[in-house]
Amino acid sequence: MIRLPSVARGFSRRWTTRGLASAAGKLPNSNSPIVSKLKYFNSVTGSDELIPTFRVLDGVGKPLEGAEIPEIDENFAHRLYENMQLLPTLDNILYNVQRQGKISFYMTSHGEEATIIGSAAGLASDDEVFGQYREMGVLLWRDFGLDNVMNQCFGNEADTSGKGRQMPVHFGSTEHHFHTISSPLATQIPQAAGVGYALKRTPGRSSRSIAACYFGEGAASEGDFHAGLLLASTIPSPTLYIARNNGFAISTPSTEQFYGDGIASRGPGYGIDTIRVDGNDVLAVLAAVREGRRSVGHHSTSDDSFAYRARSEVEDRKRIDNPIARFRLFMESQGWWNAEAEEELKTRLKADVMKAFKKSETLKRCELGELFTDVYGGEEPWNIKEQREELTGLLRKYGEVWEPWRTELAKFKNNGQDLLKR
Ligand SMILES: Cc1ncc(C[n+]2csc(CCOP(=O)(O)OP(=O)(O)O)c2C)c(N)n1
Ligand SMILES: [Mg+2]
């Protein structure tokens with residue numbers, strides 16, 4: 001039951017004097033048509049149908065009848081495919097490296113190759129990107145390079161994202177218009193709305209650049225999701241929201257995360273243009289992002305959500321609906337790919353990743369004293385000074401004599417001498 005606020009009650013009195021028969025017209029400040037039939041609804045499609053899912057390729061990479069395949073040439077297709085294949089190559093190696101304890105953390109892109117690469121390819125290279133943590137593929141698409149990936153994951157002195165002070169895969173690059181990943185879920189969603197607005201107010205970027213913001217369906221349960229979409233739609237801000245629905249938030253299945261028609265149904269509630277896309281279809285994602293980007297000048301979103309899969313279906317998917325295999329089959333049907341090219345690519349990617357990994361593994365971490373720099377501009381605050389002095393004191397006491405510290409210190413450039421010699 002919804003109680004009418006006093007203003008609306010006034011209008012309702014006027015309406016009753018007119019009588020039920022003339023239940024026509026509009027209330028002031030509203031375009032909602034008047035009806036006299038009492039009916040609750042729970043659908044954004046106007047019928048009891050769920051929001052449809054857009055795809056252009058079927059499960060085996062064949063174009064659907066009447067589907068508009070986005071314009072791509074052979075080179076572009078190769079670039080899409082190569083970047084998609086690079087993700088599992090990196091995943092295989094870095095997942096194992098993490099299990100061996102050489103890096104502290106990792107996030108795979110498994111099963112989301114088409115979502116990430118297809119969307120990256122639909123954006124302009126200087127659109128401002130806000131990822132959640134599974135969007136390394138956007139950086140790869142923008143030629144961030146394997147060395148930068150490895151150096152960030154190892155947190156070594158060559159890490160351009162944050163001098164080794166962030167967890168692995170928490171990439172950031174001003175040059176690549178990729179805002180630093182922060183793990184607290186959904187924080188990027190209102191930030192992206194703000195950046196979209198800033199772009200709109202920036203001469204030279206207004207009407208040209210957008211903010212693109214990725215998040216998981218789990219993150220969409222955070223309050224920041226609602227704050228962000230409300231902000232983006234009311235300002236309005238040229239922001240494209242891409243919800244990656246992979247069916248789980250760690251172990252919680254999406255069936256237990258929300259009750260309505262997915263994340264997509266929330267978009268129209270905020271007055272945001274919305275589409276649900278088969279995230280295993282790279283060409284559908286590409287087309288949706290291209291179109292979303294084009295129309296985003298006023299307000300828009302793309303809900304790129306791929307259908308929920310039970311765990312038991314995952315193995316089947318690997319075989320029949322795998323995003324990479326689907327696109328490969330499509331490329332083969334165009335005469336753009338064959339088994340030989342596949343073999344050559346896989347060997348080359350693996351060698352490239354191993355080379356970057358080996359190079360990065362041997363690099364030292366930044367000087368230990370870097371731990372205390374760059375946090376504040378201007379004069380250094382007392383608490384940072386105090387912490388540096390405390391660490392230096394402990395280093396003097398234990399650094400040379402206590403084995404765990406000796407080994408640990410040797411991983412830093414100059415073995416902690418930068419602090420000891422101050
Ligand atoms: C505010 C907050 N709460 C909890 C966590 C712990 N956490 C990390 S990832 C994750 C699941 C997120 O799921 P989803 O958004 O669907 O992303 P996915 O990992 O499936 O890509 C949770 C709960 C966190 N990082 N931040
Ligand atoms: Mg998820």
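**Note on the predicted model**

1. Among the elements that cover the buried residues of helix α12 are α2 (74–99) and α5 (146–154). The buried residues in question are V353, F357 and S360. The model is a predicted one, and the remarks below should be read accordingly. Helix α12 has 24 residues, and its first and last C-alpha atoms lie 35 Å apart, close to the 34 Å expected at 1.5 Å a residue.

2. A356 belongs to α12, which comprises residues 339–362. A356 has 19 other C-beta atoms within 10 Å and is therefore partly exposed, since 20 or more are required for a residue to count as buried. Apart from neighbours within four places in sequence, A356 is in contact with L146, D147 and M150. Although L146 and A356 are 210 residues apart along the chain, their C-alpha atoms are separated by 6.1 Å.

3. In overall content, the protein chain has 15 helices and six strands. Of its 422 residues, 38% count as buried. Among contacts with a separation of 6 or more, 73% are between residues 24 or more positions apart.

4. An open sheet is formed by four strands in the order β2-β1-β3-β4, with parallel pairing. The edges are occupied by β2 (178–179) and β4, each of which has a single partner strand, so one side of each is left without a neighbour in the sheet. In general, the strands of a sheet pair through backbone hydrogen bonds, in either a parallel or an antiparallel manner. Between β3 and β4, which run parallel, there are six bridges. Among the bridge partners, A212 is matched with L240 of β4, and C213 with Y241 of β4.

5. Is edge strand β4 mostly covered or mostly uncovered? Strand β4 is mostly covered, with six of its six residues buried. T239, Y241 and A243 point one way from the strand, while L240, I242 and R244 point the other way; all are buried. The reader may take Y241, a residue of β4, as an example. Y241 counts as buried because 31 C-beta neighbours lie inside 10 Å. The C-alpha atom of Y241 is separated by 8.0 Å from that of I189, a residue 52 positions away along the chain.

6. Helix α6 lies across β1, β3 and β4, and runs at about 170° to β3. Its buried residues are Q188, I189, P190, A192, A193, V195, G196 and L199. These buried residues pack against β1 (128–130), β3 (211–216), α7 (223–234) and β4 (239–244). The length of α6 is as expected: its 13 residues (188–200) should span 18 Å at 1.5 Å a residue, and its end C-alpha atoms are 18 Å apart.

7. H177 is placed in the loop between α5 and β2. With 20 other C-beta atoms within 10 Å, H177 is buried, since 20 such atoms are enough for that class. When residues up to four places away in sequence are not counted, H177 touches D126, D127, E128 and V129. From H177 to R142 the C-alpha distance is 9.3 Å, and the two residues are 35 residues apart in sequence.

8. Which residues come nearest to ligand 1? They are L185, G216, G218, A219 and A249, out of the 13 residues around the ligand. By residue class, the shell around ligand 1 consists of six nonpolar, four polar and three charged residues.

9. Certain backbone features deserve a reviewer's attention. Most residues other than glycine have a negative phi, and most peptide bonds are trans. D143 is not a glycine, yet its phi is positive, at about 60°. D143 lies in the loop between α4 (136–141) and α5, and is exposed, with 10 other C-beta atoms within 10 Å. D374, also not a glycine, has a positive phi of about 70°. D374 is located in the loop between α12 and α13 (382–398), and it is exposed, with 10 other C-beta atoms within 10 Å.

10. The peptide bond that joins I235 and P236 is cis, with omega at about -15°. P236 is part of the loop between α7 and β4. The elements on either side of this loop have appeared above, as both α7 and β4 are among those against which the buried residues of α6 pack.

Definitions and conventions
Residues numbered from 1 in each chain as written. Chains lettered and ligands numbered in written order. Predicted model: local features only at pLDDT ≥ 70, side-chain atom pairs only at ≥ 80, totals over all residues. Near = placed C-beta within 6 Å. Nonpolar A, V, L, I, M, F, W, Y, C, P; charged D, E, K, R; others polar. Helix = DSSP H or I, 4+ residues; strand = E, 2+ residues; numbered from the N terminus. Expected span 1.5 Å × (residues − 1). Buried ≥ 20, exposed ≤ 12 C-beta atoms within 10 Å, placed from the backbone. Contact = placed C-beta atoms within 7 Å. Pairing = 2+ DSSP bridges. Axes fitted to C-alpha atoms, helices over the stretch in contact; angles between N-to-C directions.
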